[in-house]
Structure formats: C-alpha cells, structure tokens
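Student: I have a chain open on my screen and want to go through it. Can you take my questions as they come?

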Amino acid sequence: MSLTIKEEIFVQRRIEGYSQTEAYRFAYNCENMKDKTVTEKASKLMAKDNVRARYEELLNEHKNKALYTREE
C-alpha cells in the first residue's frame, strides 16, 4: 500500500478533518485549476484503492486511541 508523498499528505490532511478539496489543495499545486476540477480530482484520488485503504487504516488507529480510557 505504497503512496506517493503527495497522496500521504492528502490522507493526513483528511484525517486532520479537512475536506477532500482542502486536503487536495494543500497536497497538490492547484493554482491554475477551477474549483470544480479540484473537487473532481480530490474525489478521484480518494476513490483510489491504496489511498482509501491508507485513510481507513489511519482512521481506525485514531478511533482505537479514542477508545482508550485513563484509569485513576
């Protein structure tokens, strides 16, 4: 499940709570792209098997961490 650096940055931003479009803009150069194009590219990127798998992997890690409770 190897991702490019930009794909990993995209996934990390998604985990941080950013929208697909915001995460895509952060990871990729979108200076000359229309909003619609960025949205479409972000959606296609998120649909890639390896990107989706990495997102779900990180999401599960965060869910598991949230389930830990501190005993006093």
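Tutor: Yes. A definition to start with: helices here are DSSP runs of H or I with at least four residues, strands are runs of E with at least two, and both are numbered from the N terminus. Keep in mind that this is a predicted model.

Student: OK, how many helices and strands does the protein chain have?

Tutor: The protein chain has four helices and zero strands. Along the sequence the pattern reads α-α-α-α.

Student: What is the radius of gyration of the protein chain, and what would a compact globule have?

Tutor: The protein chain has 14 Å, while a compact globule of 72 residues would have a value near 11 Å. Along the principal axes, the C-alpha atoms fill a box of roughly 55 × 25 × 15 Å.

Student: And what share of the residues counts as buried?

Tutor: Of the 72 residues, 28% count as buried. The chain exposes about 5500 Å², and carbon and sulfur atoms supply 47% of that area.

Student: Switching to charge. How many positive and negative side chains are there?

Tutor: There are 14 positive and 13 negative side chains, and the centres of the two sets lie 6 Å apart.

Student: Back to the inside. Which residues of the largest nonpolar core touch the most other members?

Tutor: That core has 16 residues, and F10, V11, Y24, Y28, L45 and V51 touch the most other members. Helices α1, α2 (20–27), α3 (35–47) and α4 (49–67) each supply at least two residues of the core. The largest share, four residues, comes from α3.

Student: Why would nonpolar side chains be buried together?

Tutor: As a general matter, that is how nonpolar side chains tend to be arranged in soluble globular proteins.

Student: What does F10 touch?

Tutor: Leaving out residues up to four places away in sequence, F10 touches Q20, A23, Y24, A27, A42, L45, M46 and V51.

Student: Which residues of helix α1 are buried?

Tutor: In helix α1 (residues 5–15), the buried residues are E7, F10, V11, R13, R14 and I15. Just after α1, G17 takes a positive phi of about 105 degrees.

Student: R13 is on that list. Why does R13 count as buried?

Tutor: Buried means under 20% relative accessible area. R13 counts as buried because its relative accessibility is 16%. Setting aside neighbours within four places in sequence, R13 is in contact with Y18, A23 and F26.

Student: And I9, in α1 as well: what is its relative accessible area?

Tutor: I9 has a relative accessible area of 30%, so I9 is partly exposed. With residues up to four places away not counted, I9 touches F26 and A27. I9 and Y28 are 19 residues apart in sequence, and their C-alpha atoms are 9.2 Å apart in space.

Student: On to α2. A23 lies there, so is A23 buried or exposed?

Tutor: A23 counts as buried, at 0% relative accessibility. Again not counting residues up to four places away, A23 touches F10, R13, R14 and Y18.

Student: T21 is in α2 too. What does T21 touch?

Tutor: T21 touches V38, T39 and A42, not counting residues up to four places away in sequence. T21 is partly exposed, with a relative accessible area of 21%.

Student: How far apart in space are T21 and T37?

Tutor: Their C-alpha atoms are 9.7 Å apart, with the two positions 16 residues apart in sequence numbering. For A23 and T37, which are 14 residues apart in sequence, the C-alpha distance is 14 Å.

Student: Where is E31?

Tutor: E31 is in the loop between α2 and α3. At 68% relative accessibility, E31 counts as exposed. E31 and R52 are 21 residues apart in sequence and 25 Å apart from C-alpha to C-alpha.

Student: Last one. Among contacts between residues at least 6 apart in sequence, what share joins residues at least 24 apart?

Tutor: In this protein chain the share is 50%.

Terms used: Residues numbered from 1 in each chain as written. Predicted model: local features only at pLDDT ≥ 70, side-chain atom pairs only at ≥ 80, totals over all residues. Heavy atoms only, no water. Rg over C-alpha atoms; globule rule 2.2 N^0.38 Å. Buried < 20%, exposed > 50% of the residue type's maximum accessible area, 1.4 Å probe, protein only. Contact = heavy atoms within 4.5 Å. Areas by Shrake-Rupley, 256 points an atom, 1.4 Å probe, with all protein chains shown as cover. Lys, Arg positive; Asp, Glu negative; His and termini not counted. Charge placed at Lys NZ, Arg CZ, Asp CG, Glu CD. Core = buried A, V, L, I, M, F, W, Y, C linked by side-chain atoms within 4.5 Å.
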